[in-house]
Amino acid sequence: MADKEYAYYSGCSLEGTAKEYDMSLRLVMKALGATLTEPHDWSCCGSTPAHTVDHVFAAALAARNLAIVEKMNVHTLTTPCPSCLMVLKKAHLGMTGDESFKNEVNALLDEPYEGNVISKSSLQVIYEDIGLDAIADRVTYAFPDLKVVPYYGCILNRPPDIAQFDDPENPIAMDRVISALGVEVRDYAFKTECCGAAFGVPKRAMVNELTHKVLSMAIDAGANCIAVACPLCQQNLDLRQEQVNRAMGASFNIPILYFTQIMGLAYGFSPEELGMDMLVVSADHLIRSRMPIEEYRKMKEAEAAQAKKAPKAKEAKEAAKTEES
Amino acid sequence: MRVGVFICHCGNNIAGTVDVAKVAAETRKLPGVVYATNYMYTCSEPGQEEIKQAIQKENLDRVVVAACSPRMHENTFRKTVEKAGLNRYFFEMANIREHISWIGEDKELNTNKAIEAVKMAVAKVMNDKPLYSSSFKVNKRVMVIGGGVAGMQAALDCADGGLDVVLVEKSPSIGGMMARLDKTFPTIDCSICILGPKMVDVAQHEKIKLYAYSEIEEIKGYVGNYQVKIRKKATYVDWTKCTGCGACMEKCPTRNAYDHFNFGVAPTRAINIPFPQAIPKKAKIDPTFCRQFTKGKCGVCAKICPTGAINYEMEDEIVTEDIGAIVVATGYGLFDLDKFPEYGAGRYPDVITGIQYERILNASGPTSGHILRPSDQTEPKTVVFVSCAGSRDKSLGVPYCSNFCCMYIAKQAILTKDHVPDSQSYVFYMDIRSPGKGYDEFTRRAQEDYGVKYIRGRVSRIYPKGKKMVVRGADTLLGTQVEIEADLVVLATAVISAPGAANMAEKLHISYDTFGFYVESHPKLRPVETNTSGVFLAGACQGPKDIPASVGQGSAAASKVLSLFSKDMLESDPAIAQVNINACVGCLKCVKTCPFQAIKEEVLRSGKKVAKVIETVCAGCGVCTSTCPCGAIQLQHFTDNQLLAEVNAICQS
Amino acid sequence: MDTINLSEKTDWEFIEQVQKESGQNISLCYQCGNCTAGCPYTNYFDYPVSMVMRLLQAGQKDIVLNSKAIWLCATCETCTTRCPCEIDVAHIMDTLRIIARRENRVSEKDIKLFYDSFLDSVKQFGRIYEMGTLLMYNLRSGHLFADADLGPKVLTKGKIHFFPKKIKGADKVAQIFERFQKRAKRHG
């Protein structure tokens with residue numbers, strides 16, 4: 001499938017604290033017939049810190065990577081990290097929309113960027129390019145007990161002029177992808193509320209409160225798992241869940257899975273391949289609850305048959321009762 | 001030929017950036033010009049007097065005024081020259097204000113451009129021909145489109161003035177938005193109690209012919225003589241037999257039809273009468289829900305109807321009415337909840353719109369006037385109102401203020417306290433806009449006497465928490481975020497133009513703005529006229545308006561119709577297309593392109609086919625002139641020769 | 001707040017500078033408060049974001065550039081997304097941070113230090129070396145044990161590298177830093 005080839009910009013987090021995102025994404029993409037090629041010798045996009053220094057400088061750190069991709073044989077870049085995505089798109093849109101800005105940025109680079117790379121989040125690629133039918137077709141396992149709320153975080157769909165994907169207030173792509181797996185998705189009002197991850201290190205107290213809100217709304221929604229698409233969100237909600245518990249007197253114990261891990265589990269990959277053991281809040285009970293789809297269907301059929309019989313049995317019972325009396 | 005040219009200073013409007021004396025001096029050098037002068041205000045009485053005297057003294061036979069846009073004063077000066085004995089078409093206006101002095105700052109460039117503009121006007125006036133109006137008869141019947149309060153007022157005033165009125169309403173009953181309201185501000189009088197008598201007057205007036213559940217299909221003709229095709233939509237109930245007894249509605253097995261009248265607050269039956277005071281009080285079937293239509297069997301209403309009025313085979317019917325003038329009163333539309341994803345986009349049943357809340361408050365509404373929230377039919381104790389839901393929001397394409405929301409929110413908050421004394425209402429607002437008579441006192445009363453808490457700021461998100469809706473917003477005066485756990489949230493959604501407004505405007509040949517509201521002829525001085533003669537505006541189709549303003553415009557439009565119809569004959573504009581039958585090859589391309597159907601085919605005695613312009617229908621737009629391959633059809637006063645003379649005047653200098 | 005003498009203390013040049021560098025028209029703001037209403041950080045701000053916009057309109061350079069708010073903003077883009085006047089508020093906050101950094105007045109030292117540690121890692125290795133960034137930040141900020149409790153969790157999961165991984169083109173990335181610094185000097 002030559003049309004599903006992407007330059008894969010994983011971003012720095014996926015080499016470290018978000019390794020399991022990288023592992024699961026690569027597996028799932030391969031399973032769905034998409035080819036990911038890592039740009040040679042890519043560098044950090046600069047992220048938020050570069051944007052506190054200078055607009056041109058920040059764009060240059062990002063554009064170095066766009067220039068590398070431009071020389072590759074693919075037209076579309078995909079990145080799983082929303083922060084990288086926004087920085088890359090901001091640089092691209094800034095440079096293609098303003099010739100003098102483009103020249104200023106290119107003056108800082110060895111290889112100029114001409115503006116020919118389309119960047120998409122990996123969620124967008126899975127949702128739009130691969131599509132829900134293909135996602136559903138590949139499913140081999142069911143999760144009868146799993147109740148997921150998708151948490152998109154603040155910048156995956158924002159601002160709309162830059163994200164150019166899904167709805168900035170009530171996004172639905174991840175909801176639909178997970179639903180297509182046959183997994184129950186709960187309505188969640190805090191899909192896009194910021195969790196504060198950017199300040200995890202320097203402003204802990206502040207972040208604890210924001211994280212607490214995101215987690216407690218998920219519990220209120222009846223979820224036993226939160227799906228995420230952002231390495232910073234995952235790290236913040238998972239790694240720091242215990243910090244939040246301590247600081248806020250809470251007792252959260254809700255697994256935070258990358259949506260690609262849920263896909264991988266539904267596709268029958270092993271927990272090890274998907275890096276499930278790297279989660280701080282264990283998802284073992286959820287993994288144990290998965291069952292082959294055939295088995296699950298048989299179970300459902302049996303349940304339905306039982307439900308049909310049940311009223312009759314009840315009637316018979318009641319009839320017996322009246323006879324007795 | 002003796003041309004006189006008058007250059008106007010327009011105070012500093014023109015003289016500020018154009019050297020008017022130099023323009024006059026240069027003009028004097030032009031061939032044909034025997035007199036040129038500059039004057040402070042040419043449109044003033046002494047200014048006009050000077051033109052008249054110059055015509056006499058200098059024996060002028062052509063006049064040019066270089067001043068403002070002809071839309072302002074062309075008519076003024078045509079009358080002036082006519083009074084001095086010239087044909088009114090021996091006059092030209094050069095627009096050196098809107099086209100020159102107001103848009104450029106460089107005086108020298110402006111002056112040169114003004115000289116060119118005058119040269120063109122002089123060249124044109126020397127080629128002008130005398131033209132004469134003819135007169136035609138007026139059909140003194142008026143059509144009012146839209147049966148809301150503005151349209152009803154216009155219809156009643158016209159009828160009381162002795163005119164025959166055709167009133168066309170697209171929904172099954174007249175009454176419009178006002179019939180849906182509970183109480184009205186700032187007097188808290190019952191809306192239907194004051195509107196009901198007017199509705200009855202309309203129904204009973206012998207001079208008013210009502211077409212309910214009907215729409216305008218096509219409009220042909222011109223002021224004084226319009227032919228309008230009306231589509232009477234199929235109701236599947238023979239209204240001549242229906243007595244409005246309501247038996248069908250009671251027995252109808254389909255209980256989940258969308259209730260348009262109640263804005264979907266609760267479902268209704270597939271056959272229904274919209275509300276108890278409906279006029280006409282007749283039943284109508286909604287075929288998208290009726291089982292007879294969706295499943296092909298049911299027939300309950302046909303069986304139950306005591307007069308046998310049900311007719312599932314009914315089809316739309318087209319009727320034609322001849323009329324002389326039109327009052328457009330098509331009202332407004334409202335933003336739907338789907339515009340607000342951060343407020344749930346309609347996912348939360350206890351987040352509703354202001355008009356839905358009106359129906360909940362209303363005694364004839366689905367809750368019989370008891371305030372019960374949609375999710376669980378319990379009485380809300382905490383109600384939050386969000387003003388400007390979409391209004392003043394450029395990002396949603398509504399940069400304007402919706403005009404009456406501040407007032408109805410205050411009213412609804414007061415009524416909430418009246419209905420549920422132990423309730424507390426909050427209002428999020430950006431500014432309280434209450435400039436009407438007694439209006440500001442009313443919003444104060446809501447706060448002072450009814451304890452409504454006004455919060456200056458906006459709401460960022462509404463989300464459910466248990467049985468409550470959490471409303472999170474900012475109080476900008478406190479400088480903090482605030483949260484309220486509400487039972488019910490009411491959004492004052494933005495007022496937008498009525499659905500299909502643009503389409504209607506095109507049928508009427510009137511202009512509309514970016515937002516679909518109809519454009520009046522002059523924003524101050526001709527507020528109910530349009531630029532199409534014989535078509536007038538009333539109510540919110542021109543822009544968001546409250547009841548008193550809509551009623552005022554209804555009456556104003558009626559008075560315009562009455563004054564138009566005070567004459568038996570109208571004068572036609574002679575600046576229309578004319579066919580040179582010798583040059584016409586009978587291709588009849590012009591017949592196809594004419595937007596007014598003003599050209600028809602004519603067979604001459606010789607057997608030659610040519611185009612013929614119907615003088616009274618031609619609007620003088622000139623489309624035919626540019627279509628004609630052989631220059632046979634010419635727009636009078638804008639002939640090819642006249643326009644080329646203008647072009648030559650600047651190109652050859 | 002003290003009385004502000006608007007005749008004397010309105011810094012028109014500052015208003016112009018922020019508008020130019022951010023490309024945003026500050027007078028479009030009509031103070032509806034929607035940005036503050038949605039801002040997740042507003043509880044920690046010394047001035048809510050709508051008031052930062054107001055202070056900008058009033059040309060109050062010192063108050064704005066010395067504020068904590070501009071550094072506590074995490075660019076979550078909620079304000080930009082919801083602004084009815086289509087102002088890119090988050091971009092204005094970015095611009096204010098840049099100006100404050102340039103003028104050497106940073107009210108939130110810890111956040112700046114964290115950003116600096118981050119950028120140092122980028123300059124040195126071409127990518128982020130998470131462990132190094134954290135240690136560098138802890139050393140500089142004096143919060144020696146920040147997130148030390150998380151250490152065992154992360155390390156046992158094999159997620160964080162003990163040793164930095166340098167990309168081949170690290171020097172090319174460092175050159176971006178150097179060229180930028182030269183350019184900044186040139187522009188004063």
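## A walk through chains C, B and A

Start by selecting C:Gly59, which comes after helix α4 of chain C and has a positive phi, near 65°. Helices here are DSSP runs of H or I with at least four residues, strands are runs of E with at least two, and both are numbered from the N terminus. You're looking at a predicted model, where local features need pLDDT of at least 70, side-chain atom pairs count only at pLDDT 80 or more, and totals for chains, interfaces and linings use all residues. Residues are numbered from 1 along each chain as its sequence is written, while chains are lettered from A and ligands numbered from 1 in the order in which they are written.

Now step back into α4(C), residues 49-57: C:Val49, C:Ser50, C:Met51, C:Val52, C:Met53 and C:Leu56 are buried. (Buried means 20 or more other C-beta atoms within 10 Å of the residue's own, exposed means 12 or fewer, and partly exposed is in between; C-beta atoms are placed from the backbone.)

**Over to chain B**

Color by domain, with bounds from an automatic or database assignment: domain 1 (3-127), domain 2 (141-233 + 316-331 + 498-564), domain 3 (234-315), domain 4 (333-496) and domain 5 (577-636). The C-alpha centres of domains 3 and 5 of chain B are 51 Å apart.

Next, select α3(B), residues 45-57. Which of its residues are buried? They are B:Gln48, B:Ile51, B:Ala54 and B:Ile55. These cover an arc of only 120° around the axis (taken from the directions from the helix axis to the C-beta atoms), so they sit on the same side of α3(B). An α-helix has 3.6 residues a turn, so residues three or four places apart point the same way.

Show what the buried residues of α3(B) pack against: β1 (3-8), β2 (33-39), β3 (62-67) and α4 (70-83) of chain B. Flip to the other side of α3(B) and you'll find exposed residues, including B:Glu45, B:Glu49 and B:Lys57. Just after the helix comes B:Asn59, with a positive phi near 60°.

**Last stop: chain A**

Chain A has 15 helices and ten strands, and 56% of its 325 residues count as buried.

Bring chain C back: 40 residues of chain A are in contact with 44 residues of chain C, contact meaning C-beta atoms, placed from the backbone, within 7 Å. On the chain A side, α2 (47-50), α3 (55-70) and α10 (204-220) each supply at least two residues. The largest share, four residues, comes from α3(A).

Note on methods
Contact = placed C-beta atoms within 7 Å.
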